[in-house]
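Let's take a stroll through a small set of features in this protein model. Keep the sequence and the 3D view open while you read.

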Amino acid sequence: MEPSRYNGASFLGVKGNVIKSHGGASSEAFFRAMITAKECAEADLATRLGRALAQP
């Protein structure tokens, strides 16, 4: 995988969307992490994941 294209990882287990970008990321890689954060927010990922995990 190309690091500058797939920069940013989701932190699970927090109340909200948190995307971690590598500290040495290029500006393009950081921009990609921002896109990931936007997509997670638009999909309401944190809420949906929390509901899915709470179900027995």
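## E42 and its partner

Start with E42, which counts as exposed because its relative accessible area is 56%, and the cut-off for exposed is over 50%. Keep in mind that you're looking at a predicted model, so every value here is computed from predicted atoms.

Who does E42 pair up with? The partner is K38: the two form a salt bridge, and their closest N and O atoms are 2.7 Å apart. Both residues sit in helix 1, four residues apart, or about one turn of the helix. K38 has 48% relative accessibility, so it counts as partly exposed.

## The other salt bridge

How many salt bridges does the structure hold? There are two. Besides the K38 and E42 pair, R32 forms one with E28, and here the closest N and O atoms are 3.6 Å apart.

Where do R32 and E28 sit relative to each other? They're also in helix 1, and because they are four residues apart, about one helical turn separates them. R32 counts as partly exposed because its relative accessibility is 25%. E28 is partly exposed as well, with a relative accessibility of 43%.

## N7 and S21 meet

Now for a pair of buried residues. N7 lies in the segment before strand 1, which covers residues 9–10. S21 is found in the loop between strand 2 (19–20) and helix 1 (27–42). Their side chains are joined by a polar contact of 2.6 Å.

Buried or exposed: what is N7? At 9% relative accessibility, N7 is buried, because buried means under 20%. S21 gets the label buried too, with a relative accessibility of 15%.

## Who else touches them?

N7 has another polar link: its side chain reaches the backbone nitrogen of H22 at 3.5 Å. If you leave aside neighbours within four places in sequence, N7 is in contact with S21, H22, A25, A29, F30, R32, A33 and T36. Notice R32 in that list: this is the residue that forms a salt bridge with E28.

Do the same for S21, again skipping neighbours within four places, and you get contacts with N7, G8, F30 and A33. Look for F30 and A33 in your viewer: they're in contact with S21, and they turn up among the contacts of N7 as well.

## The largest pocket

Time to look at empty space. Rolling a probe the size of a water molecule over the atoms shows where empty space is left. The largest pocket holds about 160 Å³ of space. It is lined by 16 residues, and the closest to its centre are L12, G13, V14, A46 and L49.

Which helix gives the largest share of the lining? That's helix 2 (residues 45–54), which supplies five residues. Sorted by type, the lining has ten nonpolar residues, five polar ones and one charged one.

## A closer look at L12

L12, one of the residues closest to the pocket's centre, has its place in the loop between strand 1 and strand 2. L12 counts as exposed, because its relative accessibility is 61%.

How far is L12 from T36? The two are 24 residues apart along the chain, and their C-alpha atoms are separated by 14 Å. T36 should ring a bell, since it is among the contacts of N7.

Notes:
Residues numbered from 1 in each chain as written. Predicted model: local features only at pLDDT ≥ 70, side-chain atom pairs only at ≥ 80, totals over all residues. Heavy atoms only, no water. 1 Å grid on protein atoms, 1.4 Å probe; cavity = no way out; pocket = protein on both sides within 12 Å on 5 of 7 lines; lining within 4 Å. Points joined across faces, edges and corners; volume = space filled by probe spheres on them. Helix = DSSP H or I, 4+ residues; strand = E, 2+ residues; numbered from the N terminus. Nonpolar A, V, L, I, M, F, W, Y, C, P; charged D, E, K, R; others polar. Buried < 20%, exposed > 50% of the residue type's maximum accessible area, 1.4 Å probe, protein only. Polar contact = N/O pair within 3.5 Å; in protein donor to acceptor, adjacent residues only side chain to side chain. Contact = heavy atoms within 4.5 Å. Salt bridge = Lys/Arg side-chain N within 4 Å of Asp/Glu carboxyl O.
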